[in-house]
Amino acid sequence: MREHFGSFLADGDLGNKFRFCEVEPLFNSLDQLVFDFQGVTNMSDSFANACFGTLAEEHSTVVLNKVRFRNCVHGIKQSLECAIGAGIKRHSQWAK
């Protein structure tokens, strides 16, 4: 992730573009997607929600089985958990 965005993943618009252009095309064709946060020290809620929350909203709990995160500092883990949890909740609300 650092190679794409630097040490601070801040811009939600870039997170959404990354999800749409880079992640979504691979999502169904790969058994597992790994996001490496080595060297990333911080991530905004805007980026987390736009990239990973929307991914979870689109694919629900499949994200939990397919996506892996490596080398996350504590704050990034928390942001990911919140964004993915909210995305799955939104998915289930749409399914009703």
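# A walk from charges to the helix α3 core

Start with the charged side chains: the mean positions of the 10 positive and 11 negative charges of the protein lie 5 Å apart. Lys and Arg count as positive, Asp and Glu as negative, while His and the chain ends are not counted. Each charge is placed at NZ of Lys, CZ of Arg, CG of Asp or CD of Glu.

Two notes before moving on. This is a predicted model, in which local features need pLDDT of at least 70 and side-chain atom pairs count only at pLDDT 80 or more, whereas totals for chains, interfaces and linings use all residues. Residues are numbered from 1 along each chain as its sequence is written, and side-chain values use heavy atoms, with hydrogens and water left out.

**Whole chain.** Switch to cartoon. You should find 5 helices and 4 strands. Helices (H or I, at least four residues) and strands (E, at least two) are DSSP runs, numbered from the N terminus. From that end, the order is α-β-α-β-β-α-α-β-α. The radius of gyration, taken over C-alpha atoms, is 12 Å, close to the 12 Å that the globule rule gives for 96 residues, so the protein is as compact as a globular protein of that length. That rule is 2.2 Å times the number of residues to the power 0.38. Along its principal axes, the C-alpha trace spans about 40 × 25 × 20 Å.

Now show the surface. About 5,800 Å² is exposed, and carbon and sulfur atoms supply 50% of it. The areas come from the Shrake-Rupley method with a 1.4 Å probe; for residues, only the protein chains shown count as cover. Of the 96 residues, 39% count as buried. Buried means under 20% relative accessible area, exposed over 50%, and partly exposed in between (1.4 Å probe, protein chains only).

**Aromatic rings.** Select F5, F18, F35, F37, F47, F52 and F69. Ring pairs link these residues into a cluster. Rings of Phe, Tyr and Trp (its six-membered ring) pair if their centres lie within 6.5 Å; planes under 30 degrees apart count as stacked, over 60 as edge-to-face and the rest as tilted. The structure holds 8 such pairs. Zoom in on F35 and F52: their pair is edge-to-face, 5.0 Å centre to centre with 85 degrees between the planes. F35 sits in strand β2 (residues 33-36) and F52 in helix α3, 17 residues apart, so to speak a link between distant parts of the chain. Both rings' residues, F35 and F52, are buried.

Keep F52 and add F37. This pair is tilted, at 6.2 Å centre to centre and 50 degrees between the planes. F37 lies in the loop between β2 and β3 (42-43), so its pairing with F52 of helix α3 ties together parts 15 residues apart in sequence. F37 is buried too.

**Helix α3.** Select G53, in helix α3 (residues 45-59). G53 is buried, with a relative accessible area of 0%. Beyond its neighbours within four places in sequence, G53 is in contact (heavy atoms within 4.5 Å) with A48, A83, I84, G87 and R90. Step to T54, also found in helix α3. T54 is buried at 18% relative accessible area. Not counting residues up to four places away, T54 touches R19, N49 and R90.

**Helix α5.** Finish at S79, in helix α5 (residues 74-95). S79 is buried, with a relative accessible area of 11%. Its contacts, leaving aside neighbours within four places in sequence, are M43, D45 and A48.
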